[in-house]
Amino acid sequence: MATPVAVRLKLPSKILKNRDPDAVLASLDDPKNPMLRLEVIDATLGCVQQALQGASWQHIQTAASYARQLEGILREGDSAFTVSEDGSRLERRMDETLHATYDKAVDAGASKADTAADHLRAAFTEAYGLKPDPSAAYSRAIKAVEAVANPLFLPNAPEPTLGKVRAHLDQGRHKYEMVISDKTGAPGDIDAVVAMISLLWHGQRDRHEGGPTSAPVTQEAAETAVHTAAILVHWISNGSIRKK
């Protein structure tokens, strides 16, 4: 794994020229980059996962066992990072309840559209990976909701977007209801859904440049967008929003 890891991280070539490059990588340190060792672990997990494509069941199980051992070390050391569920990378540790919500949303999204689950996984990785990309995470979160909302609410629209879904639901509030009841016992209205979609849609302030309200997406906004998208994907996929 030394060669692909070194190439992926663009490390100095002298590492691979060493007689024991694995040992060099294992003890690699850089005072200017305190995250380097975590980057090596993250890259190793990714390279191992890539190498396992088409591998035997025994090799896959061996890699999974090592990933579990690594996760145990990280957990015992109170690390802020954990091994991803598929063992392919490190990601920032999240509250277990929030993670369970995300997992359910991925499963629900996959039942409706594979692309929804894929976008949600990518959004999570971009938001909680070792090197987060808030802009990419936010964009993927919106795409995840669009993947399940566009076919349901705008089946005949030539160019559907989440913004158009928001307008459709906003103008047709009287046509839809929630499976959860309001204080009278009747099906609740969809005001909360419209508000969440509006928040997600309008909050992406880096969608267009040069406007008076244009701004970079912050890490906090990206994380909030991912979890908002997870709830919406789960609700839409499971029929929590329905026509009257």
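This passage walks through the salt bridges and the nonpolar cores of a predicted model.

To start with the charged side chains, the count of salt bridges comes to eleven. One of them brings together Glu71 and Arg93, with N and O 3.1 Å apart. This pair ties together distant parts of the chain: Glu71 belongs to helix α5 (residues 57–76), while Arg93 sits in the loop between β2 (90–92) and α6 (96–112), and the two are 22 residues apart. The surroundings of the two partners can be read from their accessibility. Glu71, at a relative accessible area of 13%, is buried because it falls under the 20% cut-off. Arg93, at 28%, counts as partly exposed.

A second group of charged residues turns up around helix α9 (residues 162–171). Here Asp170 pairs with Arg166 in a salt bridge, at 3.9 Å from N to O. Why are Asp170 and Arg166 separated by about one helical turn? Both lie in α9, and they are four residues apart, so about one turn of the helix separates them. Asp170 also forms a salt bridge with Arg173, and in that pair the closest N and O atoms are 2.7 Å apart. On the accessibility scale, Asp170 is partly exposed at 30%, and Arg173 is partly exposed with a relative accessible area of 30%. The pairing goes on beyond these three residues: Arg166, Asp170, Arg173 and Asp191 are linked in a network of salt bridges. As a general point, side chains of opposite charge can pair when their charged atoms come close.

The nonpolar side chains come next. In soluble globular proteins, such side chains tend to be buried together. In this model, the largest nonpolar core has 42 residues, and Val145, Phe153, Leu169 and Leu200 are those with the most contacts inside it. Two or more residues come from each of α7 (114–128), α8 (134–153), α9, β3 (176–178), α10 (191–202) and α11 (219–237). Of these elements, α8 gives the most, with ten residues. Helix α9 thus has a part in both stories, since it holds Asp170 and Arg166 and also gives residues to this core.

Phe153 makes a handy place to look at the core up close. Which residues is Phe153 in contact with, leaving aside its neighbours within four places in sequence? The list is Val165, His168, Leu169, Tyr176, Ile236 and Ile241. Leu169, one of these partners, is itself named among the residues with the most contacts inside the core. Apart from this core lies another one, of eleven residues, including Val5, Leu28, Val40 and Ala43.

Key: Residues are numbered from 1 along each chain as its sequence is written. This is a predicted model: local features need pLDDT of at least 70, side-chain atom pairs count only at pLDDT 80 or more; totals for chains, interfaces and linings use all residues. Side-chain values use heavy atoms; hydrogens and water are left out. A salt bridge is a side-chain nitrogen of Lys or Arg within 4 Å of a carboxyl oxygen of Asp or Glu. Buried means under 20% relative accessible area, exposed over 50%, partly exposed in between (1.4 Å probe, protein chains only). A nonpolar core is a set of buried Ala, Val, Leu, Ile, Met, Phe, Trp, Tyr and Cys residues joined through side-chain atoms within 4.5 Å. Contact means heavy atoms within 4.5 Å.
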